[in-house]
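User: Hello! Please take me through this model with some questions and answers.

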Amino acid sequence: MNAIRIPLAFAPVYKDYLWGGARIAAAYRRNGTPQVCAESWEISAHPDGASVVSGGPFAGRDLAGLAAAAGAALTGTRAPDPRRFPLLFKLIDARDRLSVQVHPNNENAVRTGGEPKTEMWVVLDRTPGASLYAGLAEGVTPATLRAALLDGTAAAQLVRLPVEPGQALFIPGGLVHAIGAGCLIYEVQQNSNTTYRLFDWGRTGADGKPRQLHIEESFKTIDWSLPAPQMTTPAPCAAENGNRWADVVSCGFFTLRQLDLAAPCRIAVDGTTFHALFVTAGQATVAAGGESIVLNAGSSALIPADAQAYTLSPGAASTLLVTTL
């Protein structure tokens, strides 16, 4: 199979981690979410939560299998391995704060046998006073961090960032970070599920026992040279036919742009990358290869690299996040 040119929508894969809430269901009118819904894996080829096509001629096919069969026709020629879908897209509802954690990068993953994971977050909503944590405070060293972990003052070693809806944060592998309570996040990441917990705020799991920490793995994974990042706000370009693009985050693994859609537009696809769509507000119809899908706020779709082009038409003024390799 190499002809795959239509937009693909997937059934979400839900995760009921103890820090989750109910906002994904409430904000996006979802049915079938667990009572505690921490994450919705929107587009995923990872074995811990593989996406299955929800309609059309490929209904019932999983993304990993489609990528293996279609190769670059789906993923694009820029994909490191064209037969392995390289990214994972999530919604995250942090009713409570997540653990302080770190993920491997491409250089140090071999030290622990983990999967490298660079990621970025877009803040969709937040409660008053909510924050993110990213990077270590100035002057923190391996010795001072180990001491703080022992005496319970590790939180003071972190950089805390107040957040506003629409802001974004880039989290390279090797950076210590945590999502604070009250944040609703759209996450783009490498196709990985490796997380090392450094600190968990003294929390206990459902069994009443402290959750497992990964101190030694974390210290082998932290990139001590990384500075603390800052929140960024998308920088809009000039409007064209009433539509306005804005650059959000770009790195060696993905590029994310925001589109404020006011009128129909045609977007070329050149075969080098898929386009992953997420509607943050409004409603849009995406059409390619003779098939179309209506995307309400909170909906995702994947445009294969062989699509050649797709058209977006707003049902009302809409905002989309568009990710490419």
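**Strands, side chains and loops**

User: Which residue stands opposite I92 in β12?
Analyst: This is a predicted model, in which local features need pLDDT of at least 70 and side-chain atom pairs count only at pLDDT 80 or more, while totals for chains, interfaces and linings use all residues. Residues are numbered from 1 along each chain as its sequence is written, and side-chain values use heavy atoms, with hydrogens and water left out. Strands (E, at least two residues) and helices (H or I, at least four) are DSSP runs numbered from the N terminus. Opposite I92, on β12, stands I185.

User: How many bridges join β5 to β12?
Analyst: Strands of a sheet pair through backbone hydrogen bonds, either parallel or antiparallel. Here two strands pair if DSSP finds at least two bridges between them. β5 and β12 run antiparallel, and the number of bridges joining them is eight.

User: And which residue of β12 stands opposite E119?
Analyst: β12 also pairs with strand β7 (residues 119–126), in the antiparallel sense and over seven bridges. In that pairing, E119 faces Q189.

User: Is strand β12 largely enclosed, and are its residues buried or exposed?
Analyst: Buried means under 20% relative accessible area, exposed over 50%, and partly exposed in between (1.4 Å probe, protein chains only). Eight of the eight residues of β12 (183–190) fall in one class, so the strand is largely enclosed by the rest of the structure: they are buried.

User: By how many degrees are neighbouring strands of the sheet turned against each other on average?
Analyst: The sheet is open and antiparallel, with six strands in the order β2-β3-β5-β12-β7-β10. Its edge strands, β2 (13–15) and β10 (168–171), each pair on one side only. Using axes fitted to C-alpha atoms (for helices, over the stretch in contact; angles run from 0 to 180 degrees between N-to-C directions), the average turn between neighbours, direction ignored, is 20°.

User: What is the bridge partner of W41 in β5?
Analyst: Strands β3 (residues 39–43) and β5 (residues 87–94) run antiparallel and are joined by four bridges. On the β5 side, W41 is matched with K90.

User: R197 is buried, so which side chain of opposite charge is nearest?
Analyst: R197 sits in strand β13 (residues 196–199). Lys and Arg count as positive and Asp and Glu as negative, with His and the chain ends not counted; a salt bridge needs a side-chain nitrogen of Lys or Arg within 4 Å of a carboxyl oxygen of Asp or Glu. R197 has no such bridge, since the nearest opposite charge, 5.1 Å away, is D200.

User: Which backbone oxygen lies 2.9 Å from the side chain of R197?
Analyst: A polar contact is a pair of N or O atoms within 3.5 Å; within protein, one must be able to donate a hydrogen and the other to accept it, and residues adjacent in sequence count only if both atoms are side-chain atoms. For a polar atom of the R197 side chain, the backbone oxygen at 2.9 Å belongs to Q212.

User: Which backbone nitrogen does the side chain of N243 reach?
Analyst: N243 lies in the loop between β14 (235–236) and β15 (244–250), and at 5% relative accessibility it counts as buried. Its contacts (heavy atoms within 4.5 Å), leaving out residues up to four places away in sequence, include L259, D260 and P264. At 2.9 Å, its side chain reaches the backbone nitrogen of A263.

User: What is the phi of N241?
Analyst: N241 is in the loop between β14 and β15 and is exposed, with a relative accessible area of 66%. Although N241 is not a glycine, its phi is positive, at about 55°.
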